[in-house]
Amino acid sequence: MKRRKFVVNSGLAAAAFSTSPMVFGKVFNESPNESLNIGIIGTGDRGGGLIPFINQIPDFNVVACCDIIPSRLEKAISRSEGNPSGYKDYRKLLENTDVDAILVATPLNTHSKIAMDSVDAEKHVYCEKTMAKGYDGILNLVGKVNTSNKTFQTGHQYHSSRLYTHVVDLIKNGKVGKITAFECQWNRNGDWR
């Protein structure tokens, strides 16, 4: 393989795709003269929000961004170090031979298709949670990844967050009393498009 592996010892997932800055060490065990070129598909809150963290990792470069919403694409490009190419159609991004790995941060119902197309294009894939919508999407994606030599990883940052695991421990250990109801909301002030 000419380029570095997408995730070595889970370094990319543990470092770049966390929700808080971390001290980044070398995550590669190959020549330090090589770099990993990343294409981001879906540059909204999550995909675009990860760019500053990717910028902090030595030898990681955001070289391409894709979004169907022009303002999000422009913002992502401006946040990236270097001069990444911009795309409206993710399939055109996948044709870019300079891209080694793909970050999929699109709406859930598109994850499976984009991730499978990325594997077909010989790219490593980091897919935001949830990896696919529905059982068929999961089976198809797992089948595709299992027949390739590319690395695939799904991110579940909230599942591994110390805050959330602490709350779960409090509940399991009876520290919050008997729970009789649970209600939550998440409001985004209307249609973000």
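Colleague: How many helices and strands does the protein have?
Modeller: This is a predicted model, where local features need pLDDT of at least 70, side-chain atom pairs count only at pLDDT 80 or more, and totals for chains, interfaces and linings use all residues. Residues are numbered from 1 along each chain as its sequence is written, and side-chain values use heavy atoms, with hydrogens and water left out. Helices (H or I, at least four residues) and strands (E, at least two) are DSSP runs numbered from the N terminus. On that basis, the protein has 8 helices and 6 strands.

Colleague: Which residues have the most contacts inside the largest nonpolar core?
Modeller: A nonpolar core is a set of buried (under 20% relative accessible area, 1.4 Å probe, protein chains only) Ala, Val, Leu, Ile, Met, Phe, Trp, Tyr and Cys residues joined through side-chain atoms within 4.5 Å. The largest one has 21 residues, and the best-connected inside it are I41, L93 and I102.

Colleague: Which element gives the most to this core?
Modeller: Elements giving two or more residues include strand 2 (60–66), helix 5 (90–94) and strand 4 (101–104). The top contributor, with 4 residues, is helix 6.

Colleague: How is helix 6 oriented to helix 7, roughly parallel or roughly antiparallel?
Modeller: Helix 6 (residues 111–120) and helix 7 (residues 134–146) have axes 10 Å apart and pack at about 10°. Axes are lines fitted to C-alpha atoms over the stretch in contact, with angles from 0 to 180 degrees between N-to-C directions. Angles under 35 degrees count as roughly parallel and over 145 as roughly antiparallel, so helix 6 and helix 7 are roughly parallel.

Technical notes:
Angles under 35 degrees count as roughly parallel, over 145 as roughly antiparallel, 65 to 115 as roughly perpendicular and the rest as oblique. Buried means under 20% relative accessible area, exposed over 50%, partly exposed in between (1.4 Å probe, protein chains only).
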